[in-house]
Amino acid sequence: MSGPGTPAAVDARPQAAAAPYPTNTTTRRGQLTSASHRAATDAARVEDTEMARLTRVRPSHIKRSARRSSKVKAKARSSISLGYKLSSEEQTPSDLVRYAQMAEESGFTFALISDHYHPWIDRQGQSPFVWSVLGAIAQATKHLTVGTAVTCPTVRIHPAIIAQAAATTAALMPGRFFLGLGTGENLNEHIVGRGWPETEVRQERLEEAIEVIRQLWRGGNQSHHGRHFTVENARLYSLPDALPPLLVAAGGPRSAELAGRLGDGMIGTEPEPDLFTAFDKAGGTGKPRYGELTVCVAKDQKTARRTAREHWPTAAMDSALSWELPLPAHFEAVAELVTEDQVAESVTCSSDPSAHVKAIAKYAEAGYDHICVHQVGKDQKAFFEFYREKVLPHLDSIERPSSRARAVGARR
């Protein structure tokens, strides 16, 4: 994910209802084949028993999570939505479009796509312009909901341009696009020579950028003269019938508060229940919350760990480095100090389906109702086959807070 104003007043035009996110997950079960029918049957019983144990969140665990979140009084069983991460840092533009199609065909209900100018390290090798890719995905898919995770609307690109880009994408993907925003990283934003401000200023800029975007989405002729941004006599002519939801990335309590207060939902990367305390207190109760889970599916654990270390060493780095370092070469220098064991602490490196279901369940227990899975490395085909046949069929067994599972949309 790229980095971790007051909603505009409603104008006099008739309001269009925002289209809800798809909620049904379609999966295709793979068939178990073996030379010995008895051995296959026994193995299936063992796997089903273990999977059932892992995917059942016990009431005591639910109560502990509720106490940490402090605002949740009851939780009920309800299936989560599983998504796929379109990693712009690792995939070519055409591959991103193809993988979006494969995600839809495999049964994933949504996708998050990263918005970068540079990859984290040179080995990743890509960083296409996300808005061009989204236009292609809009034509290549029919049901998949896609959101940016996340776009920085404050330095590299002016919020007025982001407002237009998001409105156009939403018009191309009616009811299945949302705009995810964050404060960004120096890695992508320094390129225009405007400097890289401290955290408080970045958050202040993001808040004003949200105000600008929502103002322009109202339609009509708009001007804005703020502390950080100026818009003069601008009008968005190509507005979708239903405006896209605007979600905000949260890496700590302050950004979670902003997401709850100004966003239509939250995007996070860690299963930390404490984030939702600030989010809910600021108005986030009932709004969707998207979490990103990083995994590596390979032929064996050794290969998975090696691939994760080679392609995604940033998983083991302090988050402050992700925000502050300006060049891929700097991340590569830090990566020399990172071990496979350290990466494996943050990345699920396994070909055992129960390990993946357990990782998903951890995010669900923390409070996420939409969980996006990022497969590290080049072998995406194996990932789709693995999840379609061995992971997706077990999602109905995972519990999450049903009171939080409500898709929301922005209003004009």
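Here are some short exercises, with worked solutions, on a predicted model.

**Exercise 1.** Work out how helices α14 and α15 are arranged relative to one another, and which residues bring them together.

*Solution.* Start by finding the two helices: α14 covers residues 353-366, and α15 covers residues 380-391. Next, look at how they cross: the packing angle is about 80°, and the axes sit 10 Å apart. Angles of 65 to 115 degrees count as roughly perpendicular, so α14 is roughly perpendicular to α15. Now zoom in on the side of α14, where P353, H356, V357 and I360 take part in the contact. Across from them, α15 offers F386, Y387, K390 and V391. Finally, sort these residues by type: six are nonpolar, one is polar and one is charged.

**Exercise 2.** Find the residues that touch the most other members of the largest nonpolar core, then follow the contacts of L179.

*Solution.* The largest nonpolar core has 77 residues. Within it, L82, L179, W217, I360 and Y387 touch the most other members. Two of those names may ring a bell: I360 of α14 and Y387 of α15 also turn up where these helices meet. Now take L179 and skip anything up to four places away in sequence: its contacts include W131, T148, I162, W217 and L247. Another core lies apart from this one, with 17 residues, including L187, A304, M317 and V376.

**Exercise 3.** Count the disulfides, and check whether C349 is bonded to C296 or too far away.

*Solution.* The count is quick: zero disulfides. For C349, the closest cysteine sulfur belongs to C296, and the gap is 5.5 Å. A disulfide needs the sulfur atoms within 2.5 Å, so that pair is too far apart for a bond. While you're here, check the accessible area too: C349 has a relative value of 7%, so this cysteine is buried. C152 is buried as well, at 4%.

**Exercise 4.** Place T314 and P244 in their loops, and decide whether each is buried or exposed.

*Solution.* Begin with T314, in the loop between α10 (301-311) and α11 (319-324). Buried means under 20% relative accessible area, and T314 comes in at 9%, so T314 is buried. Leaving aside neighbours within four places in sequence, T314 is in contact with W120 and F331. Then turn to P244, in the loop between β6 (230-234) and β7 (246-249). With a relative accessible area of 2%, P244 is buried too. One last distance: P244 and G180 are 64 residues apart along the chain, and their C-alpha atoms are separated by 9.9 Å.

Notes
Residues numbered from 1 in each chain as written. Predicted model: local features only at pLDDT ≥ 70, side-chain atom pairs only at ≥ 80, totals over all residues. Heavy atoms only, no water. Axes fitted to C-alpha atoms, helices over the stretch in contact; angles between N-to-C directions. Helix = DSSP H or I, 4+ residues; strand = E, 2+ residues; numbered from the N terminus. Parallel < 35°, antiparallel > 145°, perpendicular 65-115°, else oblique. Contact = heavy atoms within 4.5 Å. Nonpolar A, V, L, I, M, F, W, Y, C, P; charged D, E, K, R; others polar. Core = buried A, V, L, I, M, F, W, Y, C linked by side-chain atoms within 4.5 Å. Buried < 20%, exposed > 50% of the residue type's maximum accessible area, 1.4 Å probe, protein only.
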